Amino acid sequence: MTQGPVLIVGAGHGGFQAALSLRQLGFKDRICLINDEAHLPYQRPPLSKAYLKGSAGPDSLMFRPEKFFADQHIELLGDRAVAIDRAARRLKLASESSLDYGHLVLATGARNRLIDIPNASLPDVRYLRILDDSEDLRRRMATSKRVVVIGAGFIGLEFAATARIKGLEVDVLELASRVMARAVTVEVSDYFQARHAQAGVRIHLGVQATAIEASGDKVTGVSLNDGRHIPADLVVVGVGVLPNVELAAQAGLAVGSGIIVNDRLLTADPNISAIGDCALFQSPRFGGSLRLESVQNATDHAKCVAARLTGDDQVYDGMPWFWSDQADDKLQIAGLTTGYDHVVLRGDPAQKAFSAFCYRGEKLLGIESVNRAGDHMFGRRFLPMDRSLPAEHAADAGFDLKKALA
């Protein structure tokens, strides 16, 4: 078991779960959770979904009330880590104080990728990543009439659906040839594009924003590379994220498209781990290195590291899963479908409930489910078993998937 304090940099899903799991597993030493936001640790997914749509206050998002942290002797420190002294095992903070550690967990997450076009820094050009962003967009939607969303990934489409429900005119710009192109199959992409169009969202594919148009500091529209101009009084950007690797890199730790860790989520320094969105980890299950952005990944990483620090050192072998709520549709994904060569549909897109079973050869890689939670839960149980499911069984609505679990 690790001796000495455990410092956790970042209080998102991974950081919070690491602190919680350490206490649940009997860790008795000091735990300090370093949080650079002015809120208690909170859930992130609702920020672009239910929270953005509703009227609930920030307390509805909090993992636990403040008393919980005091009762569990988890120190919440409102500060920002600025440097790691690995030789001294000391973390330096923006407040110019420092903390010694027995083990350091980097759960630094990721930040929005920014666009670099004229007028991109105007007040009405917004991003959505943290609670303050969601609060700000709630207020702006109440006074805006037309919004242009740059990027048709999960965040962009979730925001677009909510804005449309609230009565805004919505245009979505996407450089790729289809929505969510990097995340889902053509079948699922086509379904969601049609659903957004039915709701009145205008989706523009194969285009790029070249400038934000403005009158003074007020946004008036967006110019496109095909010569068109789309009017808007609000622009929301969702073009991906960049992992926060700088703290690790400055300390001499290896980084790439994330902080490089092994299959136990440990850096080259035996006293430092990295978890969640910021971690580029070795995956025996999938081969090679992965960096994933999901609640499941952050939470399961945290549990794995907490187990190692309390004496149960195991390889991380989590099965990824993801979800997105867009208006009345719920998309759920189990597994990683990269490299699939054919898709089998179960259910019927016309009935607004179907799943895409993604295969490479005879191997089932993953399942993308739309309004079919049972198929998703089957995938989360079945895929870790490394068994085969004949494609004809997946396509047969009369075949009971539970038989494949026996």
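These legends walk through several views of a predicted model of one protein chain.

**View 1. The whole chain, with its 11 helices and 26 strands.** Welcome to the fold as a whole. The radius of gyration is 22 Å, close to the 22 Å that the globule rule gives for 406 residues, so the protein chain is as compact as a globular protein of that length. Along the principal axes, its C-alpha atoms fill a box of roughly 65 × 60 × 35 Å. Of the 406 residues, 52% count as buried. If you look at contacts between residues at least 6 apart in sequence, 59% of them join residues at least 24 apart.

**View 2. The surface of the protein chain and its charges.** About 17600 Å² of the protein chain is exposed, and carbon and sulfur atoms supply 50% of that area. The chain carries 46 positive and 48 negative charges, and the mean positions of these two sets are 2 Å apart.

**View 3. Phe68 and Phe69, an edge-to-face pair.** Nine aromatic pairs turn up in a search of the whole structure. In the pair shown here, the ring centres of Phe68 and Phe69 are 5.5 Å apart and the planes stand at 85 degrees, so the pair is edge-to-face. Phe68 has a relative accessible area of 17%, and because the cut-off for buried is under 20%, Phe68 counts as buried. Phe69 is buried too, at 2% relative accessibility. Look around them for Phe16 and Phe63, which join Phe68 and Phe69 in one aromatic cluster.

**View 4. Tyr191 and Phe354, a pair linking a helix and a strand.** Here the rings are 5.3 Å apart, centre to centre, with 70 degrees between their planes, and this aromatic pair is edge-to-face. Tyr191 belongs to helix α6 (residues 186-198) and Phe354 to strand β25 (residues 353-360), so the pair ties together parts that are 163 residues apart in sequence. Both Tyr191 and Phe354 are buried.

**View 5. Ser369 and its surroundings in strand β26.** Strand β26 spans residues 363-370, and Ser369 is found in it. Is Ser369 buried or exposed? Ser369 is buried, with a relative accessible area of 0%. Leaving aside neighbours within four places in sequence, the contacts of Ser369 include Lys330, Leu331 and Gln332. Phe354, which we met in its pair with Tyr191, is also in contact with Ser369, as are Ser355, Asp375 and His376. For a sense of distance, find Arg182: Ser369 and Arg182 are 187 residues apart in sequence and 16 Å apart in space, C-alpha to C-alpha.

Terms used
Residues numbered from 1 in each chain as written. Predicted model: local features only at pLDDT ≥ 70, side-chain atom pairs only at ≥ 80, totals over all residues. Heavy atoms only, no water. Helix = DSSP H or I, 4+ residues; strand = E, 2+ residues; numbered from the N terminus. Rg over C-alpha atoms; globule rule 2.2 N^0.38 Å. Buried < 20%, exposed > 50% of the residue type's maximum accessible area, 1.4 Å probe, protein only. Contact = heavy atoms within 4.5 Å. Areas by Shrake-Rupley, 256 points an atom, 1.4 Å probe, with all protein chains shown as cover. Lys, Arg positive; Asp, Glu negative; His and termini not counted. Charge placed at Lys NZ, Arg CZ, Asp CG, Glu CD. Phe/Tyr/Trp six-rings, centres within 6.5 Å; stacked < 30°, edge-to-face > 60°.
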